[in-house]
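User: Could you take a close look at one part of this protein for me, namely its nonpolar core? I'd like to know what builds it and what sits around it.

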Amino acid sequence: MDFQDVPSSEEALKMFSSLSLVGQTAVYVVIVSIVRIILEHGVFKAVGKFFGIKDERSRSKFAEASWFFSFYFVAFTFALYQFGYKEGWLFNTADYWVCNRAVSPDEVHPDIDPLVCPGGIYEPYSLIQLGQYTAAMLFLLTPVLTSRKGHKDFAVMMIHHFAAGFVIYLSIVFGYLRVGVAIMMVHDVSDIFLESAKMFKYLENSNFQKMVGINPGTIMNVDFVVFAAVFAVSRLYVYPRYLLRSVWYEMYEFLEQPRRFMNPGRYFCSPMLWILQALHVYWFYLIMRMIIRAVREKNVAKDIRSDSESD
């Protein structure tokens, strides 16, 4: 191939932008999956081996938890800085809809749909998250590529990933990108501590304490307590009190009158949002069961949300 035939970065970006949303999502699924496989098998398993995790299955689970921890931590930290600190709209739910507000004809730029947020970082960020949720479903369905085998919550996790992914997809389609970003952040923040707890769980039967001088079981228990507290605040208070309320009520203040009651985005998204809330309540019930057991046994023996086997 002649080097002159290779598209420039601008041409490649235009080609990517011309793809349908499904096509763009597929590209991100492939990218996320490749990055995950490389990090899990090329980096995180090596870290587990370095700390002396001898069992291959435990190393695989440690690598998987390390991947999810890294993804959630980077995604949440970036979003908090970009949307909370730099752009400053994250903590005011009314600002979620400024890109969707009803405007007079004089205010509408001829090349911009007033109901769709113009470009920016919102769509790439959302597509990466959508790629992650879609890839997670594929990994759950492909035991060869993942250590998540024989889990009793397989169906629940699939429902969660589908509902979350569908909400992200609809937020892109209908231009509700800011509230979509906020919903993703509410989910990511607690999972940072959950995945960290899992990492240290699999380090219990290793040389970590000898090498670092810290008991991984202690860190695991602290992580899980923080996870439970953050989960309760973010998913049982912030999510319904601010995000569900914003979708049901504040949206009305910014949509044009004809779109308020027949808005497809609202009625497609809402069932998925309530499914997620039902899963939050179910998982918090399991978390409380686990905390009670941990108090009795003085140790977080295993993660009820994701493990069905004794480790």
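Analyst: Reading along the sequence, you get α-α-α-α-α-α-α-α-α-α, so to speak a run of helices by definition of the DSSP assignment. The tally is 10 helices and 0 strands. Keep in mind that this is a predicted model. Of the 311 residues, 48% count as buried. As for how the chain folds back on itself, take the contacts between residues at least 6 apart in sequence: 75% of them join residues at least 24 apart.

Now to the part you asked about. The largest nonpolar core has 51 residues, and the ones with the most contacts inside it are Phe83, Tyr96, Tyr125, Val181, Tyr239 and Leu273. Helices that each put in at least two residues are α2 (21-50), α3 (56-86), α4 (122-141), α5 (154-173), α6 (177-202), α8 (216-254) and α10 (264-297). The largest share, 10 residues, comes from α6. A second core lies apart from this one; it has 15 residues, including Leu140, Met158, Ala228 and Trp283. As a general point, nonpolar side chains in soluble globular proteins tend to be buried together.

Val181 is a handy place to zoom in. Once you set aside neighbours within four places in sequence, Val181 is in contact with Phe83, Trp89, Tyr122, Tyr125 and Ser126.

What about α4 itself? It has 20 residues and runs 29 Å from its first C-alpha to its last, close to the 28 Å expected at 1.5 Å a residue. Most of α4 is covered, with 14 of its 20 residues buried.

Back in α6, have a look at Ser196, which lies in that helix. Ser196 counts as buried because its relative accessibility is 9%, and the cut-off for buried is under 20%. Leaving out residues up to four places away in sequence, Ser196 touches Phe69 and Asp223.

For contrast, go out to the surface. Phe50 lies in helix α2, and at 55% relative accessibility it counts as exposed, since the bar for that is over 50%. Phe50 joins Met211, Val212 and Ile214 in a nonpolar patch on the surface, and together the four have about 370 Å² of accessible area. For the whole protein, the exposed area is about 15,900 Å², with carbon and sulfur atoms supplying 66% of it.

Methods
Residues are numbered from 1 along each chain as its sequence is written. This is a predicted model: local features need pLDDT of at least 70, side-chain atom pairs count only at pLDDT 80 or more; totals for chains, interfaces and linings use all residues. Side-chain values use heavy atoms; hydrogens and water are left out. A nonpolar core is a set of buried Ala, Val, Leu, Ile, Met, Phe, Trp, Tyr and Cys residues joined through side-chain atoms within 4.5 Å. Buried means under 20% relative accessible area, exposed over 50%, partly exposed in between (1.4 Å probe, protein chains only). Helices (H or I, at least four residues) and strands (E, at least two) are DSSP runs, numbered from the N terminus. Contact means heavy atoms within 4.5 Å. The expected span of a helix is 1.5 Å times one less than its number of residues. Accessible areas come from the Shrake-Rupley method with a 1.4 Å probe; for residues, only the protein chains shown count as cover. Patches are made of residues with over 30% relative accessible area and no salt bridge: like charges are joined within 9 Å, nonpolar side chains (Val, Leu, Ile, Met, Phe, Trp, Tyr) within 5 Å. A salt bridge is a side-chain nitrogen of Lys or Arg within 4 Å of a carboxyl oxygen of Asp or Glu.
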